[in-house]
Amino acid sequence: MQRKFVPSLLSFLFLSLILCTLVATIMATGEKPEVHIVYCEKPEGEEPEAYHLKTLTSVLGSEEAAKDAMLYSYKTAASGFSAKLTPAQVTQITDQPGVLQVVKSETYQLHSGGGGAGINRV
């Protein structure tokens, strides 16, 4: 019995589903999602990550899509999250209650002769 094959098959199917969702999003909108940082008001009486997920779900239509798009939830020094969003989704989420600012994440290359390490702008 090849029990090792089942997890590999399940992993392949899961990754295929994520890829299909991404392709469907690109084809439906004609726009490629890019990483954005969404700054939010600090939630009152609610866990920050749950609040961030609810905010993203209101734009993407389902909690599953929001979980797939969300990359990180910031909850210590600032309240917000990073997520893969299309330009249309950026416009929609900007209008959500509690959203203060949406900024495209950018990577800058250092010119100091180092190993080509980048710095992410947050």
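**Exercise 1. Contacts along the chain**

Find what share of the contacts with a separation of 6 or more comes from residues 24 or more positions apart.

*Solution.* Start with the contacts in this predicted model that have a separation of 6 or more: residues 24 or more positions apart account for 57% of them. For one concrete pair, go to Ala88, which is found in helix α4. Ala88 and Glu31 are 57 residues apart along the chain, and their C-alpha atoms are separated by 8.5 Å. Ala88 itself is partly exposed, with a relative accessible area of 38%.

**Exercise 2. The overall layout**

Work out how many helices and strands the protein has, and in what pattern they follow along the sequence.

*Solution.* Counting the elements gives four helices and six strands. Reading along the sequence, you meet them in the pattern α-β-α-α-β-β-α-β-β-β. Next, look at how the protein presents itself to solvent. Its accessible surface comes to about 8,600 Å², and carbon and sulfur atoms hold 59% of that. Of the 122 residues, 27% are buried.

**Exercise 3. Building the sheet**

Determine the strand order of the open sheet of four strands, and say which strands lie at its edges.

*Solution.* Let's take the sheet one pairing at a time.

1. β1 and β3 pair in the antiparallel sense over six bridges. Within this pairing, Tyr39 has Gly80 of β3 as its bridge partner.
2. β1 and β4 also pair in the antiparallel sense, over five bridges. Here Val38 stands opposite Val102 in β4, and the bridge partner of Ile37 in β4 is Val103.
3. The complete order is β2-β3-β1-β4, with antiparallel pairing.
4. β2 and β4 are the edge strands, as each pairs on one side only.
5. Ignoring direction, neighbouring strands of this sheet are turned by 20° against each other on average.

**Exercise 4. Helices against the strands**

Identify which strands α2 lies across, and which strands α4 lies across.

*Solution.* Begin with α2: this helix lies across β1, β2, β3 and β4, and runs at about 135° to β2. Then turn to α4, which lies across β1, β3 and β4 and runs at about 150° to β3.

**Exercise 5. The nonpolar core**

Find how many residues the largest nonpolar core has, and which of them have the most contacts inside it.

*Solution.* The largest nonpolar core has 17 residues, and those with the most contacts inside it are Val38, Leu56, Phe81, Leu85 and Ile93. To see where the core comes from, go through the elements: β1 (34–40), α2 (48–60), α3 (63–69), β3 (80–85), α4 (87–94) and β4 (99–104) each supply at least two residues. The most comes from α2, with five residues.

Now zoom in on Phe81. Leaving out residues up to four places away in sequence, Phe81 touches a list of residues that includes Val38, Leu56 and Ile93. Among its other contacts are His36, Cys40, His52, Met70 and Tyr74.

**Exercise 6. Charged pairs**

Work out how many salt bridges the structure holds, then place the Lys75 pair in the fold.

*Solution.* The structure holds four salt bridges. Side chains of opposite charge can pair when their charged atoms come close. Here are three of the pairs, one by one.

1. Lys75 forms a salt bridge with Glu49, with 3.7 Å between the closest N and O atoms. This pair links distant parts of the chain: Lys75 sits in the loop between β2 (70–74) and β3, whereas Glu49 is in helix α2, 26 residues apart. Lys75 is partly exposed, at 41% relative accessible area, and Glu49 is partly exposed too, at 43%.
2. Glu63 and Lys67 form a salt bridge, their closest N and O atoms being 3.3 Å apart. Both lie in helix α3, four residues apart, or about one turn of the helix. Glu63 counts as partly exposed, with 43% relative accessibility.
3. The side chains of Glu46 and Lys54 meet in a salt bridge at 3.4 Å, N to O. To place them between buried and exposed, recall that partly exposed lies between the cut-offs of 20% and 50%. Glu46, at 29%, is therefore partly exposed, and so is Lys54, at 48%.

Terms used:
Residues numbered from 1 in each chain as written. Predicted model: local features only at pLDDT ≥ 70, side-chain atom pairs only at ≥ 80, totals over all residues. Heavy atoms only, no water. Core = buried A, V, L, I, M, F, W, Y, C linked by side-chain atoms within 4.5 Å. Buried < 20%, exposed > 50% of the residue type's maximum accessible area, 1.4 Å probe, protein only. Contact = heavy atoms within 4.5 Å. Areas by Shrake-Rupley, 256 points an atom, 1.4 Å probe, with all protein chains shown as cover. Pairing = 2+ DSSP bridges. Axes fitted to C-alpha atoms, helices over the stretch in contact; angles between N-to-C directions.
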